Amino acid sequence: MNRSILSRKEFIRNSAWALAGATLIPGMLFADEREEHAGLNSLNVNNTGKSFTLKNVRLETGFDYEDGDVVATKTGIFSVEIANGKIKKVSTGQPHADAIDVKGMLMLPSFRDMHIHLDKTFYGDKWQAVRRRTGGVKGMIALEQEILPEMLKNSTYKAEKLIELLQSKGTSFARSHVNIEPTSKLDSLRHLQKALDNKKKGFGAELVAFPQHGVFYTNTAPYLKEAAQAGVDFIGGVDPFTVDGAIEKTMDFTIQLALDHHKGIDIHLHETGESGLKTVEYLISKVNENPVLKGKTYLSHCFVLGKLDQAKQEEMAEKLGAAQIGINSTIPFGGLIMPIPMLMKHQVKVMTGNDSIVDHWNTFGTGSVLYKANMAAQLYGHNTEFGLSRMLGLATAGPLPLDDKGQQQWPKAGDAADFVLVDASCSAEAVSRLSPVKSLIYQGTVVF
Amino acid sequence: MEKTKYAPPVTGSYILKNIRLETGFIMDETGAKETRTELFCIEVSEGKITKIFTNNASLPGAIDAKGYLMLPAFSDMHVHLDKTLYSLPWQAHSPKKRSILDMIAYEQEIIPELLKTSTERAGLLIDLMQGYGTTFARTHFNVDTTSGLRSLENLQKALDNKKGSFSAELVAFPQHGCFYTDSAPLLKEAAQLDSVAFIGGVDPFGIDRNIEKVLDFTVELALDNNKGIDIHLHDGGKEGLCTIEYLAEQALKNPSLQGRTYVSHAFVLASLPSNELERIAEKLAAAKVGIVSSIPFGKLVMPVPALAKHGVNVLAGSDNIQDHWSTFGTGNMLQKANLIADLYGWRTEFDLSRTLRFATHNVLPLDNEGNMQWPKVNDSAEFVLVDASCSAEAISRISPTMAFAHQARLHWKEAERDAALGKFE
Ligand SMILES: [Zn+2]
Ligand SMILES: [Zn+2]
């Protein structure tokens, strides 16, 4: 935020400061001082695998309360030592002389996009809007069969461009679905793996083998089996009833494949009617039968949860929580609103992602999961300091600097050095104001 | 939200080359599948576009627009520039539940302090909006017994400082009621000022508990002083509806109010059954009463498509950017148009291109048939240059603004200026 019109002295004198309820933080740095800082790269840090120290790092240290409500976030200024891809030490002491001054920038866990299709995008190519289409999912499958061969020709390049977009928004990790079907075979996977290899110093990913054209509707099962041994982490799926015409046959195949190869599961489920609910219930029962799948099974979208009455929502949330099945949502608004706060209440792991950035399905993806957290905060009315600070967990896919009681829990010595430096005073501000990400560090490597 | 700086403007007469303009739709059986664009040269002189001619990439002395897309200037049609916490230390929305009357009491407490620095903050808020290409706003300013007319005076100073790069039309806004606090005399005073274009209002039932008394006062003030009307209406239920109908009836009776009477928010319209909505929409259209919305997208979704279908003029604005009411405003009208397109499912090339009107106060480069209608020779030189291939892309991808012209004064982003002007100077 631009505060440069007021000098530091004027600023402190400004009585609106106290009025705004802000606490005067010792050592607080101002925008006009921070602005000189243009990312760590300008300081010639090239330190893969090496160690370095950042000074004047702002960390959240607790909440301020008023009548029992959180009204502000306390922060302090620290030095953070990074070595061998990890955070080695967080201290308030005098830093080394060669420590890099980050001028009061707020350090947050780096962002993670937990549902995206890096392999299949128009990003980096010429603009094209979504076309009016008929034929539903099967029409889209026919369309993909037609356009994928062309899209695959430069898919490594486009994936790299997309990764650069995500990095610029503070994201250093993604769960990417990759098309596995008879048209692409394993090419979409291999092209993406190449892009990820090229970008591996600054970006990590886990991959979901995604039978976009059905497991059996097109003869994809053999390719899925092959993909399960070719470096993927999850077995994916899409609307078993709508696409394959049978819930159990597809689910049984998927689950068996995951069990045989020690993979997780992440299934796209858009169905909102009875078949949607049945699919969720079937997956819950199978995960309960095979506890090894707990904690690594996810439903993406799962729109049916947004269609249930509240009692049924509660019941399903409880069951999903007990089976440790997570929900990945793009946080839709308008037609359908997902019961995300209720899912969270029942300890369901809820994560978010951009899904499409710009492709033949959708052209609205910004690439920012901080934006997703911001939209969730608006949609669910989490507009207070506490509510906003909790929404940051959607952008980080879990980690939060403070726990619900305001105890500092991140960063700790030994944590992976995956973080962003943001021009904000606290995570609530970062979420509400979409504060710019000034630096991204991934496994101790300065991306920018 | 990143801050951006503009270089000092190019003024006087100039020619731009390599300007991208939309020239038509490329159709197939599903409709417009692409937007056709071509590069042009444009001459600007004495505040107007004086020539549009075939591109000449080697034209000496011309400013290089580098293929950026020229779009009509962006306008934010509902904002409160006078009353913002933007640029102050971060403060989230209070966890205390406050009614509208509690909020009035809270404002009475904080306004005296806020007024001490409101000119500076209005300036910074305008900077933010300009960074996204917005050069015009309809801004409400508080008229209440605490502020007197000082919120207006401070805002006018900020607008004076921005002369030549930003303009606004002002709404005298009795945030604390006309009669609930004794603001009516102040409103009368404000209504006589040339700088004030609209008489505002807020929830005649919710605050003053008397719809007719407040609206009669407002309408009379507008008529006596030849102003428009733009009232905030959050009231739901039959009171909300009654307020809208009564105002529409006043506009039907007084043609001079038509085309310049607006209801901001009008949340009650979101809860009407479709036949009732249709009846009201027709009435609003007949009375030429517009609706201004910040486009809520949670539990309450405004029936923007139905209103537009019946010919109601629907405008969009940021409303709160960062203040004690809300902290989520981006100040970016392309982002607002993007949200509208996403919310209402306007995703095709054609639908996206139509959604641009929410950012440009209804000006569109192409008409619905794809005929070029903007810019034309003699149009005032009010435009933005965005890094996009067409307006559909600009909406969907929230493309960055590279430059804008306001009153023909061409402002380049600092980082862009040298490349554009290198040969020009
Ligand atoms: Zn997906
Ligand atoms: Zn307002």
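In this predicted model, the zinc ion (ligand 1) has an irregular site, because its 4 donor atoms subtend angles of 84 to 175°, whereas a tetrahedral assignment requires all angles to lie between 85 and 135 degrees. The protein donors are the NE2 atoms of A:His115, A:His117 and A:His268 together with an OD atom of A:Asp355, at 2.1 to 2.4 Å from the ion. Along the chain these residues follow the spacing H-x1-H-x150-H-x86-D. Within this site, A:His117 and A:His268 link distant parts of chain A, being 151 residues apart. A:His117 lies in the loop between β6 (111-116) and α4 (136-152), while A:His268 belongs to strand β10 (residues 264-269). Both A:His117 and A:His268 are buried.

The zinc ion (ligand 2) is bound by residues of chain B, namely B:His78, B:His80 and B:His232 through NE2 and B:Asp319 through OD, with distances of 2.1 to 2.4 Å. This site is also irregular, with angles of 85 to 173° among the 4 donor atoms. The donor spacing in sequence is H-x1-H-x151-H-x86-D. Here B:His80 and B:Asp319 connect parts of the chain that are 239 residues apart. The loop between β6 (74-79) and α1 (100-116) of chain B carries B:His80, and the loop between β13 (314-316) and α9 (333-343) carries B:Asp319. B:His80 has a relative accessible area of 6% and is therefore classed as buried, the limit being under 20%. B:Asp319, at 10%, is likewise buried.

Chain B and chain A bury about 4900 Å² between them, of which 58% is on carbon and sulfur atoms. The contact involves 58 residues from chain A and 54 residues from chain B. There are 4 salt bridges across this interface. A salt bridge is formed by B:Asp28 and A:Arg131, whose closest N and O atoms are 2.1 Å apart.

In soluble globular proteins, nonpolar side chains tend to be buried together. The largest nonpolar core in the model comprises 191 residues, among which A:Leu118, A:Leu299, A:Leu320 and B:Leu269 touch the most other members. Helix α14 (residues 369-379) of chain A supplies the largest share of this core, 8 residues. Leaving aside residues up to four places away in sequence, A:Leu320 touches A:Val280, A:Ile284, A:Leu299, A:Leu305, A:Ile325, A:Ile327, A:Leu343 and A:Val348. A second, separate core contains 25 residues, including B:Tyr14, B:Leu16, B:Ile63 and B:Tyr68.

Technical notes: Residues numbered from 1 in each chain as written. Chains lettered and ligands numbered in written order. Predicted model: local features only at pLDDT ≥ 70, side-chain atom pairs only at ≥ 80, totals over all residues. Heavy atoms only, no water. Donors = N, O, S within 2.8 Å, 3.2 Å for Na, K, Ca; no water. Tetrahedral: all angles 85-135°; square planar, octahedral: opposite > 155°, others 65-115°. Helix = DSSP H or I, 4+ residues; strand = E, 2+ residues; numbered from the N terminus. Buried < 20%, exposed > 50% of the residue type's maximum accessible area, 1.4 Å probe, protein only. Core = buried A, V, L, I, M, F, W, Y, C linked by side-chain atoms within 4.5 Å. Contact = heavy atoms within 4.5 Å. Buried area = accessible area lost by both parts, 1.4 Å probe. Salt bridge = Lys/Arg side-chain N within 4 Å of Asp/Glu carboxyl O.
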